[in-house]
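Hello,

Here is the structure I promised to hand over. Have a look at it first, and then read on for what was found in it.

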Amino acid sequence: MEGGCPVDYNTITDLFLQRNMIREATAFLLDVLKPNLPEHAHLQTKVLEINLVTFPNVADAILANGMFSYYDRPRIAQLCEKAGLFVRALQHYTELQDIKRVIVNTHAIEPQSLVEYFGTLSREWALECMKDLLLVNLRGNLQIIVQTAKEYSEQLGVDACIKIFEQFKSYEGLYFFLGSYLSSSEDPDIHFKYIEAAAKTGQIKEVERVTRESNFYDPEKTKNFLMEAKLPDARPLINVCDRFGFVPDLTHYLYTNNMLRYIEGYVQKVNPGNAPLVVGQLLDDECPEDFIKGLILSVRSLLPVEPLVEECEKRNRLRLLTQFLEHLVSEGSQDVHVHNALGKIIIDSNNNPEHFLTTNPYYDSRVVGKYCEKRDPTLAVVAYQRGQCDDELINVTNKNSLFKLQARYVVERMDSDLWEKVLSPDNVYRRQLIDQVVSTALPESKSPEQVSAAVKAFMTADLPHELIELLEKIVLQNSAFSGNFNLQNLLILTAIKADPSRVMDYINRLENFDGPAVGEVAVEAQLYEEAFAIFKKFNLNVQAVNVLLDNIQSIERAVEFAFRVEEDAVWSQVAKAQLREGLVSDAIESFIRADDATQFLDVIRAAEDANVYHDLVRYLLMVRQKSKEPKVDSELIYAYAKIDRLGDIEEFILMPNVANLQNVGDRLYDEALYEAAKIIFAFISNWAKLACTLVKLRQFQGAVDAARKANSSKTWKEVCFACVDAEEFRLAQICGLNIIIQVDDLEEVSDYYQNRGNFNELISLMESGLGLERAHMGIFTELGVLYARYRPEKLMEHIKLFATRLNIPKLIRACDEQQHWKELTYLYIQYDEFDNAATTIMNHSPEAWDHMQFKDVAVKLANVELYYKAVHFYLQEHPDLINDLLNVLALRVDHTRVVDIMRKAGHLHLVKPYMVAVQSNNVAAVNEALNEIYVEEEDYDRLRESIDMHDNFDQIGLAQKVEKHELLEMRRIAAYIYKKAGRWKQSIALSKKDNLYKDAMETCSQSGDRELSEELLVYFIEQGKKECFASCLFVCYDLIRPDVALELAWMNNMIDFAFPYLLQFIREYASKVDELVKDKLEALSEVKAKEAEEKDMVAQQNMYAQLLPLALPAPPMPGMGGGFAPPPPMGGMGMPPMPPFGMPPMGTY
């Protein structure tokens, strides 16, 4: 123990145990072992041993708290096992054999604790312990093992857990374990094992649920297992087989195991759609027909007929379905598969099949026809014919040589695609079919459409010779179709295609055919004479003459034919052909004969190309009588102009007409027919074009008059430029004045004049334009540019007169190009470009510099650098005016930089007036420069004034410079500077050196340094300056100590000189004492007055208290006693309390 002798805990414990004081020993040891130290391992083991032997519950509690860490764990594990604390024993054992020995005591271990303990073991040890538990008591420990496997399936491994259950054939454990893991697993093997375990444990409902819901088990493996298991409930097997397509296997299994009830339930309730597979398997298993029929009838309409018929047909058992199919038909079923099956049954039974095939509208002809082919081909033909199954019918008739039936079907069908197929060269049976068509099918037919379709098919198949023979037989041999319009057309067309030599004979023999159409076909076939004969036979004269012109290409025959028939349309066609061949005059004559005005555009074009304007005039006069077309009248005027009949033009335009005179005039102008164009433009008052025309005719005065009426800028320009080229400058100026008022056209006119060297005329034009009412800035500017280029002597006057009406930037560029620097400067100033103005003045000073002007510009500069450039400029060229410039720039320049410039140039004195003027700004460089000048000039008055008023300079440097100056006033200024700088000793020393005692005394007084003052007194005594001594006492009165002054005066026999100081000192101190006494008395009187007021207040409160009823005393205020505290001592005016009247207390030395 701390502060005493050490104690042996083991001895004390033994003392407790000797007296059987187990609880006390335990309490003692628990208290002393709280630190849990390694050196207490023996005592920790001892306290646990004691309690495990006597009070196991206490030991369990100690272990549960985790107080100890260093006890003997194997020893304690053995004691826990003996005491029945198996969980604690398991926690302390570290060997597998010990754990396996203890863990089997599951009857004494809480299951949850045991499950949690498994979580602390390694995978291998946990599996070993699980095996031991199952080996010792499979049923008793199964729940614990299942819970452990569920809890630690990830650590132990699902496969390992499954192997343990399978090793002990514990399907119940496997069922419970996999049941918790199934929903999160997609492993087919796990799903199968769960189904297997559920089946073997009798969990049929769970097997049914999993087989119905799970998508992960192996269906084949599961089906085989369920069939081997032979469960009493077949629903799980039904689920598997229905979902994965094992219906035949399911049916076979159920039938062989006599589970017919499940067959009926599956077909009726689960999946009626699979009934055909069930029926097929039952037929394979030789099930009685009555059961199958009953099964089919029980499903009825839910049963899919097509697969059912297929299954029965494959097994040749269709008759089995007769009752079922008849029942469906009686219910009104129109299902094609029902009627197909019923038809097959009727065909097999030979129960009047032709009637069924021709009357039943619901069966599929292809299916039934195919079924009939091997049984009766004629029935197949009937079925195919009913359904228009062309390919199938052709195949079956070719195969069985039924060409007559085929020919009848093809003719009646009237289908072009079918005809194309049977008449194809690839058809080896084509010849037999054609023979039957010609000999039987068509003669039997009474339908013209069928005959027409057959003939067209022959034509399409390119069988012209066969077709001609057929048509000659039909048309020319007095048959029912001999006068048929279509057949006559076909005969001629076929002959045109196959045998042209017969065409002319047919044309002469036949009357009822389509002449226009056949004639066109003959033209296409290049049978032009036959076509001409057809058109002539049918009085189609226009078509006939077209054949002569276009195909036979004989204009002579066409003209002869036109004279014979005398039709306008024929002449018109002849005229067109002549026009195409370039016979323009003949064509115009023919058009006039035809009285045809429709082709006037082509005629006009051809006549112009052939230059036959006399004939064109005749034609156009005829056309004008037929129609009023602007094109005709316009071309007539043009034709008059081309043959120079100007009089006819004037007469024509005065007459009513619809000519587009503007277009005609433009055309005449473009082709240089100016006289005719002049007539047109004058008539339509198109003054602009008239002016241009007159220019071309060089009638300039008339052109100007026309331009004045047109009043168009473009017209004015054309006339003006033409007059300039002709050197008619008076007329050109008249035009120009009307042009230059337009800003956009001014530059073009100016360039035109200048390019031709007419500078004076251009300037005259511009000067005249200044007085115009619509004169604009461009005129003034352009005149300025012209002055700059050609008459510079007038430029400045012009600029000054019209500065506000000029485009200054443009004129600036012109002046810069022509190097008119004075005018350029003036323009810059007017345009507020002061920086450029100043730069121009400085760069071209001989011409551009003017001092007053430059000063005005300088104050408006924006670029600061130009100020200093101006300083350099004046320093170099006009140094006598530099101060005047600097005074103007004083508010804008950096004075320090100006001083530096002048100092570097060595002309600092030159700008002294400027520096004096700006010294009020207190700039260091200016101050130092002026001080330097004053020192050089020995102007000490100005120097002192500068030092007093402007303190921004190097004071010490200046003082050091002038302290050795030969002039006294200069040295005095040095002392003054030292005094201002606070260098009292240097100032006093300098003053004493020059015997300036008054300055020395004033310096001491201003310094406030007692030591310096007393040293100065000593100096005066040493120098024998008694008067100075007396003066110093008064000047430095506040600094000198009285005792020192009296001592020095007494010791140096200067009492008389110090006596005035002594009197003043005594008088001052007496006044101070009197003021102190007065202040004390006033403070005491204030204290007494305040005490009297407080007493009056207390008396007044007591008086009110006597009038009030008795009551309990009020509690004292916080921080206060029961009664009134005496007032604190009062000081006067914030001063500390004063002692009683009399002398102040004396301090000790």
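**Cavities**

The structure holds 2 cavities of 30 Å³ or more. A cavity here is a set of points, on a 1 Å grid over the protein atoms alone, where a 1.4 Å probe fits but cannot get out, and its lining residues have an atom within 4 Å of a point. Grid points are joined across faces, edges and corners, and the volume is the space filled by probe spheres set on the points.

Before we go further, please keep in mind that this is a predicted model, in which local features need pLDDT of at least 70 and side-chain atom pairs count only at pLDDT 80 or more, while totals for chains, interfaces and linings use all residues. Residues are numbered from 1 along each chain as its sequence is written, and side-chain values use heavy atoms, with hydrogens and water left out.

The largest cavity contains about 50 Å³ of space. Around it you will find Leu 226, Leu 231, Asp 233, Ala 234, Pro 236, Leu 237 and Tyr 253. By class, that lining has 6 nonpolar residues, no polar ones and 1 charged (Ala, Val, Leu, Ile, Met, Phe, Trp, Tyr, Cys and Pro count as nonpolar, Asp, Glu, Lys and Arg as charged, and the others, Gly among them, as polar).

The second largest cavity has a volume of about 30 Å³. Its lining includes Phe 458, Met 459, Asp 462 and Lys 497, and the classes come to 5 nonpolar, 1 polar and 2 charged. Helices α32 (448–460), α33 (464–475) and α34 (485–498) each supply at least two of these lining residues; helices (H or I, at least four residues) are DSSP runs, numbered from the N terminus.

**Helix α17**

Two residues from the lining of the largest cavity, Pro 236 and Leu 237, turn up again here. In α17 (residues 235–244), they are buried along with Ile 238, Asn 239, Val 240 and Cys 241 (buried means under 20% relative accessible area, with a 1.4 Å probe and protein chains only). The cover over these buried residues includes α15 (204–213), α16, α18 (247–256) and α19 (260–270). Just after α17, Gly 245 takes a positive phi of about 75 degrees.

**Aromatic rings**

How many aromatic pairs does the structure hold? There are 8 aromatic pairs, counted where ring centres of Phe, Tyr or Trp (its six-membered ring) lie within 6.5 Å; planes under 30 degrees apart are stacked, over 60 edge-to-face and the rest tilted. Phe 192 and Phe 225 are edge-to-face, because their centres are 5.7 Å apart and their planes at 80 degrees. Phe 192 belongs to helix α14 (residues 188–200) and Phe 225 to helix α16 (residues 219–229), so the pair ties together parts that are 33 residues apart in sequence. Both Phe 192 and Phe 225 are buried.

Phe 854 and Phe 873 make a tilted pair, because their ring centres are 5.9 Å apart and their planes at 45 degrees. These two join Trp 849 and Tyr 874 in one aromatic cluster.

**Asn 340**

Finally, try finding Asn 340 in helix α24 (residues 336–349). Asn 340 counts as buried, at 5% relative accessibility. Beyond its neighbours within four places in sequence, Asn 340 is in contact (heavy atoms within 4.5 Å) with Tyr 363, Asp 364, Val 367 and Val 368.

Enjoy exploring!

Technical notes
On a 1 Å grid over the protein atoms alone, a cavity is a set of points where a 1.4 Å probe fits but cannot get out, and a pocket is an open set with protein on both sides within 12 Å along at least five of seven lines; lining residues have an atom within 4 Å of a point. Helices (H or I, at least four residues) and strands (E, at least two) are DSSP runs, numbered from the N terminus. Buried means under 20% relative accessible area, exposed over 50%, partly exposed in between (1.4 Å probe, protein chains only).
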